[in-house]
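Me: I'd like to learn how to read a protein model feature by feature. Could you walk me through one?

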Amino acid sequence: MGKRCGLLWGISIMAFLLAGCGDRAQNEVHDELAGGKDTIAVTLESEDSGAEIPGEDDKDSQDESTDAERIAEICRDICAQAARDGTLGSIETMGRMVARLGENGYAAASGDNQVDMAGAEQVLEFVRAVEEKESRRLTIVAVMGMGLRIFDLETRDGDVTVVRSYYQYDREGILQERSTVSYPADFWEYTPEGYLIFAGKSLLPETFVMTFSATAEHTALRVLPLEESCRELNRKYLLPVGYERNNVFLCSWSGEEYGNLDFYDVFDRFYPILRGRPHPYGAEGSPGEESAYWIPEEEFESVITAFFDIDRETLRRKTEYSPEQAAYKYRPRGFHEAEYPDIPYPEVVGWRENGDGTITLTVNAVYPHDDTSRAFTHETVIRPLDGERFQYVSNRMLSEEREYDAWWHSDRLPEDAGALTAEE
């Protein structure tokens, strides 16, 4: 439960804020875009041995503004066309931006690992400088559908400081600064999977007054390239399902033994994928109030059997089915079954075709919030069918249960437990 709650700071921090943290800190605004797809641009600047690295107060704000404007100008026509076409944030648009930034001397890669990083050697050189305690600077620009984030990294004596600025495009496509925060990187790692991960806590006065806690920031960038086939398989078979509000990829199961696979969560997750719209069986009333439905068997079974080769008898044993009503009893997730909003995402890192026509995917769970590029690993087998159709055959957890903690996930409560919490 500790990770679900904010980290509380002492009264001394409040005294520090009241005494004044400087004009810049007082004007900081925490303005994050929800669900944005990041595109990462990286440029590296070396310093002479023994040269001083300017601190935050010594930065030339005009230079910063000029650099941001230059980056915006490089991609301005791409973004304008994408805005007209409604394709901002698409893989194609991110790929064009990566290529354009590369042509203009920037190392670049897309967020969420959709395009290989260009100029990755620059990032690796900065990582080496940190390890060897050299003085160096690295600027990372994360370009999103509606703006960009700029990370100014500076290292001295093996320590890394981060200044993260957020800029947003106005209607004319001009960048407007929205927020800036600064923090020491209390976590810094280049992982065996080829990710650069850094994190720290920034003081946002507005947030602190309400929560008495610092704002944690986590960044994970894939540096090493990945086969495009892995990304394509990931986008088709893993990302649409993911690890949110279902356990399809969080437990071991097969067509012979479905184990703890929750078919009610399967119905929730796959109905929109199959029908193109949410199902109509949502929670009603106030939080904690119980809702229950009887879903006609044809409707419930058609969703499950579209993606799983399971017979009706087995499905009915794994759920609550009424022969008299020819329906499945369904209870939506309630207030006490909510999950932490920041979750890992799957990344296919390998695959193989099997003799029976199935495909085995090796998948790592990348979890920036927990500062890891491999929270756990699993093998998922899929069976392609005619056209774009396919089925999930099995999932096998390669990480032992004791090796990982899916702490963000909440299993559905048994019906009697749900009733008890509602009464409480």
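Reply: Here is a short tour, from the whole chain to its helices and sheets. This is a predicted model, so local features need pLDDT of at least 70 and side-chain atom pairs count only at pLDDT 80 or more, while totals for chains, interfaces and linings use all residues. Residues are numbered from 1 along each chain as its sequence is written, and side-chain values use heavy atoms, with hydrogens and water left out.

Me: How many helices and strands does the protein chain have?

Reply: The protein chain has 11 helices and 17 strands. Helices (H or I, at least four residues) and strands (E, at least two) are DSSP runs, numbered from the N terminus. Of the 424 residues, 46% are buried, meaning under 20% relative accessible area, with exposed over 50% and partly exposed in between (1.4 Å probe, protein chains only).

Me: How should I read a single helix, say helix 5?

Reply: An α-helix has 3.6 residues a turn, so residues three or four places apart point the same way. Helix 5 covers residues 120-131, and its 12 residues reach 17 Å from first C-alpha to last, close to the 16 Å expected at 1.5 Å a residue; the expected span is 1.5 Å times one less than the number of residues. Buried in helix 5 are A120, Q122, V123, F126, V127, A129 and V130. After helix 5 comes K133, with a positive phi near 60°.

Me: What about two helices together, such as helix 8 and helix 9?

Reply: Two packed helices are described by the angle between their axes and the distance between the axes. The axes of helix 8 (residues 263-275) and helix 9 (residues 297-307) come within 9 Å and cross at roughly 85°. Axes are lines fitted to C-alpha atoms, for helices over the stretch in contact, and angles run from 0 to 180 degrees between N-to-C directions. Helix 8 and helix 9 are therefore roughly perpendicular (65 to 115 degrees; under 35 is roughly parallel, over 145 roughly antiparallel, the rest oblique).

Me: Which residues of helix 8 and helix 9 meet?

Reply: Contact means heavy atoms within 4.5 Å. Among those in helix 8 are F263, F267, F270 and L274, meeting residues of helix 9 that include F300, V303, I304 and F307. F300, V303, I304 and F307 are also among the buried residues of helix 9. The cover over the buried residues of helix 9 includes helix 8, strand 11 (293-296) and helix 10 (312-317).

Me: Now the sheets: where does helix 9 pack?

Reply: In a regular strand the side chains alternate between the two faces of the sheet. Three strands form an open antiparallel sheet in the order 11-13-12; two strands pair if DSSP finds at least two bridges between them. Strand 11 and strand 12 (321-322) are the edge strands, each pairing on one side only. Helix 9 packs on this sheet, touching strand 11, strand 12 and strand 13, and its direction makes about 70° with that of strand 11.

Me: In what order do the five strands of the other open sheet come?

Reply: The order is 10-17-16-15-14, with antiparallel pairing. Strand 10 (253-254) and strand 14 (345-353) each have a single partner strand, so one side of each is left without a neighbour in the sheet. Seven bridges join strand 16 (residues 377-384) to strand 17, where P384 has F390 as its bridge partner. Helix 7 (residues 228-238) lies across strand 14, strand 15 (359-366), strand 16 and strand 17, at about 115° to strand 14.
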